[in-house]
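Q: Please take a close look at a single part of this model, beginning with one side chain. Then set that part against the whole chain.

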Amino acid sequence: MSSAERKGQLAEPVPAPPAPTCPVKIIVFTVKLLIGLSISQAIPGWLAPAEYDTWKQIVKLSTMFCLSYIMINVGYEFDIDKTKLRDYGADYGIAMTAAGFPWIFVAFWF
């Protein structure tokens, strides 16, 4: 305990380090995303139809596995506070419109 805290005064807050000027992680992940997108669009032309069907099944199963892993881990951290049910209703309405409106707009468009 510092001498300032012993005297009843609050200690000076520690300043946060400055943000990096070049967000390297964002650039790396963006490049990876673009490479993966490009390869995913080129694979149908590289593979024979039978190989492509097998590739689709492998990608579909691995994607569902990874998505289920993410959703289960999100569920482990999800906690409902029963005293704030009204707030959850508003959150549900916002989430429902954010997810549903694009689908509804596309359905009306076509």
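**Aromatic side chains**

A: F105 is exposed, because its relative accessible area is 54% (buried means under 20%, exposed over 50%, and partly exposed in between, with a 1.4 Å probe and protein chains only). This is a predicted model, in which local features need pLDDT of at least 70 and side-chain atom pairs count only at pLDDT 80 or more, while totals for chains, interfaces and linings use all residues. Residues are numbered from 1 along each chain as its sequence is written, and side-chain values use heavy atoms, with hydrogens and water left out.

F105 shares helix α4 (residues 85-109) with F101, and the two are four residues apart, about one turn of the helix. Helices here are DSSP runs of H or I with at least four residues, strands are runs of E with at least two, and both are numbered from the N terminus. Rings of Phe, Tyr and Trp (its six-membered ring) pair if their centres lie within 6.5 Å; planes under 30 degrees apart count as stacked, over 60 as edge-to-face and the rest as tilted. By this rule the protein has one aromatic pair. The partners are F101 and F105, in a tilted arrangement with 5.6 Å centre to centre and 35° between the planes. F101 has a relative accessibility of 41%, so F101 counts as partly exposed.

Another residue of helix α4 is A99. Its relative accessibility is 48%, so A99 also counts as partly exposed. A99 lies 22 Å from D79, C-alpha to C-alpha, at a sequence separation of 20 residues. From F101 to A48 the C-alpha distance is 38 Å, with their positions 53 residues apart along the chain. T97 and I35 are 62 residues apart in sequence and 32 Å apart in space, C-alpha to C-alpha. I35 belongs to helix α2, and I35 is partly exposed because its relative accessible area is 47%.

The overall fold gives these distances their setting. The protein has four helices and zero strands, and from the N terminus the elements run α-α-α-α. The radius of gyration is 25 Å, well over the 13 Å that the globule rule gives for 110 residues, so the protein is more spread out than a compact globule. That radius is taken over C-alpha atoms, and the globule rule is 2.2 Å times the number of residues to the power 0.38. Along the principal axes, the C-alpha atoms fill a box of roughly 80 × 40 × 30 Å.

Buried residues account for 1% of the 110 residues. The protein exposes about 10,700 Å², of which carbon and sulfur atoms supply 71%; accessible areas come from the Shrake-Rupley method with a 1.4 Å probe, and for residues only the protein chains shown count as cover.

Outside helix α4, I70 sits in helix α3 (residues 49-77), and I70 is partly exposed because its relative accessible area is 48%. Together with M64, L67, Y69, M71 and V74, I70 makes a nonpolar surface patch of about 630 Å².

Confidence has a mean pLDDT of 85 over the protein, with 90% of residues at 70 or more (pLDDT is the predictor's confidence in each residue, from 0 to 100). Helix α2 (residues 24-46) has the highest mean, 93, and helix α1 (residues 3-6) the lowest, 54.

Key. Patches are made of residues with over 30% relative accessible area and no salt bridge: like charges are joined within 9 Å, nonpolar side chains (Val, Leu, Ile, Met, Phe, Trp, Tyr) within 5 Å. A salt bridge is a side-chain nitrogen of Lys or Arg within 4 Å of a carboxyl oxygen of Asp or Glu.
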